[in-house]
Every structure is written in C-alpha cells, then in structure tokens.
There are 2 protein chains.
Amino acid sequence: MVESKRIVLASRPVGAPTPANFRTETVELAQPRAGEVVLRTLYLSLDPYMRGRMSAAKSYAPPVEVGGVMVGATVAEVIESRDSSLVKGDVVLAYSGWQSHDVVLASTVRKLDPDWAPVSTALGVLGMPGFTGYAGLLRIGQPKQGETVVVAAASGPVGSAVGQIARIKGARVVGIAGGPDKCAYVRDELGFDAAIDHRAPDFGEQLPAAVPEGIDVYFENVGGAVAAAVYPLLNTYGRVPVCGLIANYNATAAPEGPDRLPAFYGRILTKSLTVRGFIQSEFVKEMFPDFLRDMSGWIADGSVRYREDIVEGLEQAPEAFIGMLEGHNFGKLVVRVG
Amino acid sequence: MVESKRIVLASRPVGAPTPANFRTETVELAQPRAGEVVLRTLYLSLDPYMRGRMSAAKSYAPPVEVGGVMVGATVAEVIESRDSSLVKGDVVLAYSGWQSHDVVLASTVRKLDPDWAPVSTALGVLGMPGFTGYAGLLRIGQPKQGETVVVAAASGPVGSAVGQIARIKGARVVGIAGGPDKCAYVRDELGFDAAIDHRAPDFGEQLPAAVPEGIDVYFENVGGAVAAAVYPLLNTYGRVPVCGLIANYNATAAPEGPDRLPAFYGRILTKSLTVRGFIQSEFVKEMFPDFLRDMSGWIADGSVRYREDIVEGLEQAPEAFIGMLEGHNFGKLVVRVG
C-alpha cells in the first residue's frame with residue numbers, strides 16, 4: 001500500500017487565502033488497476049489560477065470541493081506501472097495536485113525526457129505558463145515588427161515568455177514588475193527594452209515615457225492598477241489578450257465607485273481595441289507541438305531564458321501560494337515534493 | 001451667388017444636448033472652382049456618432065469646432081458642375097453636414113443611381129449604418145448556423161441590418177428595442193425570432209427566457225443597462241462587436257459605484273470573450289463593394305427590409321437629433337432638406 005500526503009481545501013477563503021484554508025491529510029491509495037500507474041510527485045506547480053478554483057464562483061473550470069485535494073500540475077516519477085506505455089523510473093507530466101503520490105491512468109500523463117531539459121521546466125517555460133504566453137501573444141496579440149508590446153508580471157513564467165517571444169518577433173518590449181530586482185532581471189537578463197517598477201511612486205510617469213509610440217499589444221495577466229495605467233496608452237487597433245487578472249482574485253465584492261466600466265468600454269470603441277480572454281487549453285491541439293519545437297529551440301540557442309523559484313517540501317505549498325498572490329515569488333514558483 | 005442655410009454648433013453640450021447648443025446661420029458660398037460642384041442637399045442623415053463630435057473629448061475623429069457646421073452625410077443634387085464627372089441634376093452621396101447647399105470637390109462625392117433604390121437609402125440600409133451592421137457582424141461577430149445573435153436598438157438602421165443579416169446566415173436572432181410598437185415591427189416585419197422591450201419591467205426575466213442556449217454574438221450599439229443584462233448570458237467564445245454606446249453619450253462623469261469594471265473584465269477572461277471596438281471605415285476598402293452587392297440583392301428579393309423616419313426641414317434637425325438620443329425615432333432618422 002502506498003500512502004499519499006496531500007493538502008486539501010479546508011475552507012473557502014474570504015479575500016486573501018490564509019493557512020487555515022488548507023489542511024494536510026495522509027491517505028492510503030488504492031492498488032493500481034490495469035492501465036494505471038503509481039506516481040511519486042517530484043515537483044508541484046503553483047499558479048495564480050488556483051485561487052479561482054478555491055472559490056465556489058462559476059468560472060471556466062469547476063471549483064475544488066471543500067475537503068478535496070488542491071489541483072495542480074505535477075512532474076512525477078513512475079514507481080509502479082500496469083500499462084505497457086510506461087515503466088518504473090519514467091518521469092511524466094501529470095495533474096495530481098498538491099499531493100505526494102497518486103494513482104492515475106497512464107493515458108492521462110505525458111512522458112518527459114530528462115535529457116532534453118530539466119523536468120521542472122515542464123511546469124514553466126516548456127509547460128502551461130510558457131504556452132499561455134506563446135499562444136496568447138502570437139494568436140491574439142499578433143505583434144508586428146517595430147510595434148510596442150507591454151506585459152506585466154514580467155519576471156514571472158508567463159510574462160517572461162511573452163516578452164522574450166515578442167522580442168524575437170521584432171517588437172519593442174516593455175515589462176512591468178514589482179521591485180528593482182525583478183526589473184533589473186527583466187531588463188538585463190531577459191533583454192526587454194525597458195522594465196518599470198509598478199511600485200515606484202512615479203510609475204504613472206515612467207510608463208508613458210517608456211512607450212513613446214504608444215502600446216500596440218498589452219498582454220494582460222494582472223488587471224487592477226497596472227491595467228488602468230496601460231489602457232490610456234493603447235493605440236488604435238491595439239490588442240489585449242487577457243489570460244489572468246491576479247489583482248482581482250482576492251476581491252470579495254465590487255470595489256467602490258466611481259464605476260469605471262463606461263469609460264473602459266468607451267475606449268474599446270474609440271480606439272477599435274480587441275480585448276480577448278483566453279485559457280491556454282483552447283489552443284493546445286492546434287499550437288502545442290509548434291510551441292514545444294519553437295520554445296525548446298529558443299532555450300537551446302539562448303534566446304529565451306527562464307528562472308524558477310523552488311520551494312522545498314509539500315508542506316510549504318500553502319505559504320508559497322499565498323505569497324505568490326502578493327507577488328513574493330521571483331520566477332516560476334515550483335514546490336520540490338519528492 | 002448661392003446661399004446656404006446651415007446649423008452650427010453654438011456651444012458644447014453638458015449632458016444631453018439642448019436646442020441652445022445649435023444656431024442657424026445663412027452664408028454665401030464661394031463660386032465653384034475647376035473640379036468642384038455646387039450641391040443642394042436633399043436629405044441629411046442624423047446618427048448617434050454626431051453626439052461625440054459635439055464634445056471636445058478625444059475620440060477617433062476630431063470634434064466639430066464651436067461655430068462650425070454640424071457634420072453629417074447628405075444626399076444632394078448637383079446644381080452646378082465644374083467637373084467632367086458630374087452634370088447638373090446628378091444625385092450624389094456627400095458629407096456636407098447640416099446645411100442646405102455646399103461647394104465641394106467632385107472627387108469627394110459618390111454618384112447615386114435613383115433608379116436603383118430610393119436615394120435616401122444611401123444614408124441608411126445601403127449606407128454607413130447598414131454597412132456598420134454588415135461589416136461588424138460578419139467580420140467580428142462571425143455568426144455560425146444555429147448560434148444566437150442579440151442586437152439592441154433593433155428597429156434602428158444598424159440593428160435591423162445586423163438582425164436580418166444574421167437570420168440570412170442561419171442564426172437565431174433576438175432583438176431588443178424600446179416599446180411594444182418597435183418590438184412588433186422587429187418581430188413581425190423584420191422576421192427576428194424574438195423581440196424584447198428593454199423598457200418592460202420584467203426585461204431582466206424576458207431576456208434569459210428568449211435565449212435558452214445563451215448568446216454567442218452580442219452586437220453592441222447601446223451599452224448601459226442593456227449591456228449589463230446581456231453580458232451574463234454570453235457563452236464561452238462569445239463575440240461582441242462594439243460600434244456604439246449611445247447610453248453613455250450624454251454622460252458628464254463616471255457614474256457612481258460600485259465599480260463594475262473588475263467583474264466585466266473577469267467575465268471576458270472566464271468566458272474567453274472577444275470584445276472588439278470598430279468604426280466602419282476600417283472595413284470600407286475591403287468590404288464595401290461586397291456589401292452593396294449583397295445588401296441590394298437582399299433588398300430586391302425581400303429578405304432585408306428597412307424603415308425610414310423622415311423629418312421635414314433642416315430647422316427640425318436639432319430637435320430630431322435630441323430625440324434620437326432618447327430613442328424617439330423609429331427607423332433610420334433622415335431630414336428631408338430640399
């Protein structure tokens with residue numbers, strides 16, 4: 001019998017999640033049946049979308065039940081296989097959530113090649129976050145040579161992919177990040193044309209100065225005050241792929257007025273903007289093979305860099321997740337479980 | 001010497017325009033030079049976008065100067081020509097604004113064939129409003145067979161084009177209009193599948209009942225309370241072409257809170273919506289010939305109907321325009337000038 005240590009949703013958060021919203025349990029897993037494999041989690045991905053799953057509110061995916069295991073992508077080692085496609089020792093991408101072990105159908109996982117790239121990258125630059133940036137930027141943002149692309153959370157796994165791919169496509173790229181260290185990384189390591197600290201008191205002056213020709217593509221992954229500063233700078237026919245709104249995720253009610261919706265909507269009209277929400281899964285079938293080929297090539301030739309923020313131990317996941325929603329991580333947040 | 005009676009912008013409105021914002025003048029026109037023609041206005045088009053031109057606020061087109069002639073499309077008769085392309089008696093589409101006569105370059109007008117359709121339709125179903133509906137629906141809305149399309153101001157020139165074209169393309173079409181007469185017209189004359197009165201006390205229940213499979217395309221030309229009722233019913237991958245927001249045009253400041261923007265923006269994300277502002281001029285080069293061919297064919301075979309609301313005399317234009325912003329017109333609002 002294999003035991004799994006798992007973190008479940010103890011209660012739904014009101015506002016920002018707290019450690020009390022999580023609970024650790026240990027359960028015995030069932031024996032694997034034909035076609036199934038037993039997995040030992042090596043890495044757990046922590047991502048902003050998980051905040052949405054903690055709420056009962058209707059969204060694009062069903063919520064985690066209270067008492068249910070927190071969801072999430074994992075990189076895991078096969079420790080027992082009852083399927084011909086996988087053998088003990090194989091490393092796979094799975095979706096086991098916040099737990100140390102799992103029993104799943106072999107057909108639901110994707111085998112990784114550890115010689116190809118560090119396996120943890122399957123959760124970041126070569127996984128869902130990198131693909132979110134790739135698909136949203138290229139399919140919706142469609143940056144043209146010489147256009148200006150702005151992305152927030154620029155040191156994070158989505159933002160850093162967006163900015164570096166936009167650079168490769170010939171755009172001028174401005175990143176927004178929280179604090180001087182992240183800005184220096186975005187500018188000096190990732191090669192963005194400019195990086196602006198949204199916590200700086202003069203952020204509202206720095207942003208227009210950094211985009212003298214306006215903004216053609218704003219890749220939206222934060223919302224809130226950053227979005228409010230960006231929208232007035234969007235050019236006619238500007239495109240806004242919207243993949244996340246982390247600034248809103250802990251809100252408990254509509255903010256106080258004035259109601260900014262009419263002005264926002266009016267700007268969409270007068271500037272002929274395209275604002276397009278998306279979940280990366282929409283584009284997987286059509287674009288994921290191209291993404292893996294392009295992105296691994298860019299990593300190999302040094303034109304795309306990435307950074308991981310690795311936390312040790314499953315028990316650290318709640319605190320790391322809570323901190324991520326405040327912007328405390330620096331790079332792709334991953335928990336080393338095994 | 002030809003005299004022109006003209007209505008100029010006397011002052012910029014604060015909130016809803018009043019008759020005091022307009023002033024009538026009579027001026028002597030210059031003699032036409034080589035390449036120019038003298039026009040006598042037959043019909044003046046009144047359209048919601050003109051409210052935007054009365055304001056100094058930055059938009060997609062420059063404002064009318066205080067003291068300047070109110071802008072607008074016109075159908076006019078050539079009463080003198082100094083260009084080989086036109087002769088006295090020709091009828092043309094021009095952009096002379098709210099005035100009885102004008103002198104313009106012949107190259108800036110388009111000759112109309114009075115045998116082809118009543119010339120006033122060049123301001124409505126066969127002109128800018130009809131084209132706005134055609135281009136926005138087909139290029140941005142992209143309705144598929146069996147999908148549900150909702151359009152507001154459904155008895156107006158844009159909305160009636162949108163709904164009838166969507167029906168031709170095989171969509172289920174629900175119109176929203178103000179009052180039982182307009183709703184009956186939309187349903188019985190224009191052949192929409194349903195029509196709902198946004199002034200009805202149970203509008204909020206009638207709308208969901210009329211779209212049992214949700215809404216795939218919402219053609220936005222009003223904003224305000226109608227938009228607020230529609231958005232929660234939009235399906236995943238819903239498309240919203242935004243061509244006008246008449247509900248907001250007389251606003252003097254952002255409305256009181258709560259701030260509905262975060263919830264609106266969140267819905268774009270969770271439903272993977274496409275919200276796309278546009279001005280019809282974007283699509284003229286690419287689509288206008290197709291539009292004229294398609295729309296005149298549909299009118300000829302009876303699959304598209306239209307209605308004009310004709311007001312007699314240029315001096316009635318301010319009052320008619322003010323009423324249109326309140327929804328008092330029924331069909332395309334046109335002033336018979338000559």
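## Exercises on a two-chain model

In strand β15 of chain A, A:Arg336 has A:Glu312 standing opposite. The model is predicted; local features need pLDDT of at least 70 and side-chain atom pairs pLDDT 80 or more, while totals for chains, interfaces and linings use all residues. Residues are numbered from 1 along each chain as its sequence is written, and chains are lettered from A and ligands numbered from 1 in the order in which they are written.

**Strand β15 of chain A**

Task: Identify the strands that pair with β15(A) and give the sense of each pairing.

Solution:
- Start with the terms. Helices (H or I, at least four residues) and strands (E, at least two) are DSSP runs, numbered from the N terminus. Strands pair if DSSP finds at least two bridges between them.
- Take β14(A), residues 308-312. This strand pairs with β15(A) in the parallel sense, over five bridges.
- Take β3(A), residues 36-45. Three bridges join β3(A) to β15(A), and the two run antiparallel. A:Tyr43 has A:Arg336 as its bridge partner in β15(A).
- Check burial. A residue is buried if 20 or more other C-beta atoms lie within 10 Å of its own, exposed if 12 or fewer, and partly exposed in between, with C-beta atoms placed from the backbone. In β15(A), residues 332-336, four of the five residues are buried, so the strand is largely enclosed by the rest of the structure.

**Strand β9 of chain A**

Task: State which residues of β9(A) point one way and which the other.

Solution:
- Count first. Six of the six residues of β9(A), residues 172-177, are buried.
- Sort them. A:Arg172, A:Val174 and A:Ile176 point one way; A:Val173, A:Gly175 and A:Ala177 point the other way. Both sets are buried.
- Add the neighbour. Strand β8(A), residues 148-151, pairs with β9(A) in the parallel sense over four bridges. A:Val149 stands opposite A:Val173.

**Chain A as a whole**

Task: Explain why chain A counts as compact as a globular protein of its length.

Solution:
- List the elements. Chain A has nine helices and 15 strands.
- Apply the rule. The radius of gyration is taken over C-alpha atoms, and the globule rule is 2.2 Å times the number of residues to the power 0.38. Chain A has a radius of gyration of 20 Å, close to the 20 Å from the rule for 338 residues, so chain A is as compact as a globular protein of that length.
- Add burial. Buried residues are 51% of the 338 in chain A.
- Add contacts. Two residues are in contact if their C-beta atoms, placed from the backbone, lie within 7 Å. Of the contacts in chain A between residues at least 6 apart in sequence, 65% join residues at least 24 apart.

**Where the chains meet**

Task: Find which element supplies the largest share of the side of chain B that touches chain A.

Solution:
- Count the contacts. 33 residues of chain B are in contact with 33 residues of chain A.
- Name contributors. α7(B), residues 261-270, and β13(B), residues 274-277, each supply at least two residues of that side. The largest share, nine residues, comes from α7(B).
- Classify. Ala, Val, Leu, Ile, Met, Phe, Trp, Tyr, Cys and Pro count as nonpolar, Asp, Glu, Lys and Arg as charged, and the others, Gly among them, as polar. The side of chain B has 18 nonpolar, nine polar and six charged residues.
- Look at α7(B). Seven of its 10 residues are buried, so the helix is largely enclosed by the rest of the structure. The cover over these buried residues includes β12, α7 and β13 of chain A together with β13 of chain B.
- Look at β13. The strands β13(A) and β13(B) pair in the antiparallel sense over three bridges. A:Val275 has B:Val275 as bridge partner.

**The relation of the copies**

Task: Say what relation links chain B to chain A.

Solution:
- Recall the principle. Two copies of a chain are related by a rotation about an axis and a shift along it.
- Superpose. The fit is by least squares on C-alpha atoms of residues with pLDDT of at least 70 in both copies. A turn of 180 degrees and a shift of 0.0 Å along the axis lay chain B on chain A with an RMSD of 0.0 Å. That is the relation of a two-fold axis.
- Locate the axis. In chain B, the C-alpha of B:Gly257 is nearest, 1.6 Å from it.
- Compare surfaces. 100% of the interface residues of chain B are also interface residues in chain A, so the copies meet through the same surface.
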